[in-house]
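User: I am learning how words such as buried, exposed and salt bridge are applied to a protein structure. Could you take me through some cases and show the reasoning behind each label?

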Amino acid sequence: MKGGSRVSSGIDGLDTLLNGGFPSNRTYMVRGRSGTGKTIVGYHFLDEGLSNRENVLYITFEEPSVELIENAETLGFDFSEMPILDLSPTGGEFTDEESYSVLMPSEVEGESTKSAITEAVEEHQPNRVVIDPLSQLRHLSPDEYQFNKTAASLMRYLKDTGATTLFTSQPDTEQADEGLQYLCNGSITISRTDEGRFLKIEKLRGSDFQSGTHAFRIDDGKGIHLFPKLRPENQHHESAFETVPTNVGSLDSLLGGGLERGSITLVSGPSGVGKSTTATTLARAFTARNERAALYLFEESEESFKHRSSAVGHPVNEYIESGDMVVEAIEPLTLSADEFADRVRTEVEENDTKFVLIDGTAGYELSLHAEGDDLRKQLHALARYLRNLGVTVVITDEIQDVTGGFRASDSHVSYLADNILFFRYIEVRGDVQKAVGVLKKRFGPFESTLRSFRIDSDGIHIGDPLDDLRGVLTGTPTWDGET
């Protein structure tokens, strides 16, 4: 639908997926199992209407109006003055001794329900209607054919009044509401798994939309917060690939002058070799230019990071206090990959952040709700998105083996990198030492030699090239000339 009017869903992220909202004066289904959040989507839809001073109507078949108002209030919605047609069962129906001797219950109750809906619509003249759940009408119909016929006529009636209608459906089986999907103009499926809550737009008749499965969260006092998957292709930043020096002369020599803006650098090596300290050095190169850097820690706390940084000559408090650096430790299993990506996106877009550190990939995979392959796809999309914005990205990746055959990455993410800076432990005549080198640099020349590396209270120190050693990448080098 091009150029037509849109009705906001009341959920920012959902409006993004809908390319601006629901096409108006149509009918949409929100389907899902019990407890997935269908009703709350309806809350947002009607609350948006109330905020715009539109006429709204809530038709409830399950939840009594009093409980509905109370539950909505816990999520931040005030529906105390909202018109509600309460068609939920009452206790009196259980004790009612009257019986239907001539007509079937569905015939009597069905006609009564139709009359109640018609009267409510005529009284309130709603621009927005929520029916929760429409599938409950099935119990008031003698068969599936009559249910579909009743549902279709109700949708047509509401469309003729000019209303935009959202109804929920709770299928008992995967095919239970298949007929409703053909009758409505759009459908959204929401689900809940051990990894979190997810939403997917199945169709939006006459309009384009963003496909895929997108994570969301329900918070007390806030309702639904949806996290659309990043679409890197929608962002493009013209970059001259300006080289930013690291302010460490020997490191700049290795890197051919520093890091290019908008590049992705993988810093790899075994545990304790100096990856995070070097990554912090790279971040400080940007904060020293009064450019904001965001550091996301997956394997240590913020206090541990600050203490460790100070101990190696990298006090970061002044940068944090000035706002040039933000440090966030990600608590395990509190976020989905989509939610983390949304958090980074918001940081970059709202604060013009120029540098992002993800420290490190092993913690990223353990901390976020998702499967391994999907996490790598998410990390790929996030890194590409940031690169397309001109943000310089550094990712640390832990190699499990301390020595042995050389590998650039254990997490299969090296393909993401424009630059690969790697560290190795080496044993030299009984002494454990460290070496550093550059394996790849996409946008310019680099030094192909290996250099010695150490960290002390003054920070990182990169020594002379290891010209007199052979087999450094094996972890057990020999002196030149030795056999």
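User: Where does Ile358 lie, and why is Ile358 called buried or exposed?

Analyst: In this predicted model, Ile358 lies in strand E18. Its relative accessible area is 2%, and buried means under 20%, so Ile358 is buried. The C-alpha atom of Ile358 is separated by 7.9 Å from that of Val393, although the two residues are 35 apart along the chain.

User: What makes E18 and strand E15 a pair?

Analyst: Two strands pair if there are at least two bridges between them, and five bridges join E15 (residues 293-297) to E18 (residues 355-359), so the condition is met. The two strands run parallel, and Ala293 of E15 stands opposite Phe355 in E18. E15 is also joined by five bridges to strand E16 (residues 325-329), again in a parallel arrangement, and there the bridge partner of Ala293 is Met325.

User: How do you know that E15 is mostly covered?

Analyst: Five of the five residues in E15 are buried, which means that each has under 20% relative accessible area. In a regular strand the side chains alternate between the two faces of the sheet. On one side of E15 are Ala293, Leu295 and Leu297, on the other Ala294 and Tyr296, and all of these are buried, so that both faces are covered.

User: What makes the contact between Asp418 and Arg387 a salt bridge?

Analyst: A salt bridge requires a side-chain nitrogen of Lys or Arg within 4 Å of a carboxyl oxygen of Asp or Glu. For Asp418 and Arg387 the N to O distance is 3.1 Å, so the pair satisfies the rule. The pair links distant parts of the chain, 31 residues apart, with Asp418 in the loop between strand E20 (392-398) and strand E21 (419-428) and Arg387 in helix H14 (residues 372-388).

User: Why are Asp418 and Arg387 given the labels they have for accessibility?

Analyst: Asp418 has 0% relative accessibility and therefore counts as buried, whereas Arg387, with 25%, is partly exposed because that label covers values between 20% and 50%.

User: Which other residue meets Asp418 in a salt bridge?

Analyst: The side chain of Arg442 meets that of Asp418 at 2.6 Å, N to O. Arg442 lies in the loop between strand E22 (431-441) and strand E23 (451-456) and Asp418 in the loop between E20 and E21, so this salt bridge ties together parts that are 24 residues apart in sequence. Arg442 counts as partly exposed because its relative accessibility is 45%.

User: How many salt bridges does the rule give, and which residues are linked in a network?

Analyst: The count comes to 21 salt bridges, and Glu242, Arg261, Arg289 and Glu291 are linked in a network of them. Another pair is Arg454 with Asp456, whose closest N and O atoms are 2.6 Å apart. Arg454 counts as partly exposed at 46%, and Asp456 is partly exposed at 26%.

User: Why does Asp78 count as exposed?

Analyst: Exposed means over 50%, and the relative accessibility of Asp78 is 57%, so Asp78 counts as exposed. This residue is in the loop between helix H3 (65-74) and strand E5 (84-86), and Asp78 gathers with Glu67, Glu70, Glu73 and Glu81 in a patch of negative charge on the surface.

User: What makes the backbone at Arg53 and Asn290 worth pointing out?

Analyst: Most residues other than glycine have a negative phi, and most peptide bonds are trans. Arg53 is not a glycine, yet its phi is positive, about 60°; Asn290, also not a glycine, has a positive phi of about 60°. Arg53 is in the loop between helix H2 (38-51) and strand E4 (56-60) and is exposed because its relative accessible area is 80%. Asn290 lies in the loop between helix H9 (275-287) and E15, and Asn290 counts as exposed because its relative accessibility is 62%.

User: Which residues does a cis peptide bond join?

Analyst: A cis peptide bond joins Asp132 and Pro133, with omega about -10°, and another joins Asp359 and Gly360, with omega about 0°. Pro133 is in the loop between strand E6 (128-132) and helix H6 (144-160), while Gly360 lies in the loop between E18 and helix H13 (361-367).

Technical notes:
Residues numbered from 1 in each chain as written. Predicted model: local features only at pLDDT ≥ 70, side-chain atom pairs only at ≥ 80, totals over all residues. Heavy atoms only, no water. Buried < 20%, exposed > 50% of the residue type's maximum accessible area, 1.4 Å probe, protein only. Helix = DSSP H or I, 4+ residues; strand = E, 2+ residues; numbered from the N terminus. Patch = residues over 30% accessible without salt bridge, like charges linked within 9 Å, V, L, I, M, F, W, Y side chains within 5 Å. Areas by Shrake-Rupley, 256 points an atom, 1.4 Å probe, with all protein chains shown as cover. Lys, Arg positive; Asp, Glu negative; His and termini not counted. Charge placed at Lys NZ, Arg CZ, Asp CG, Glu CD.
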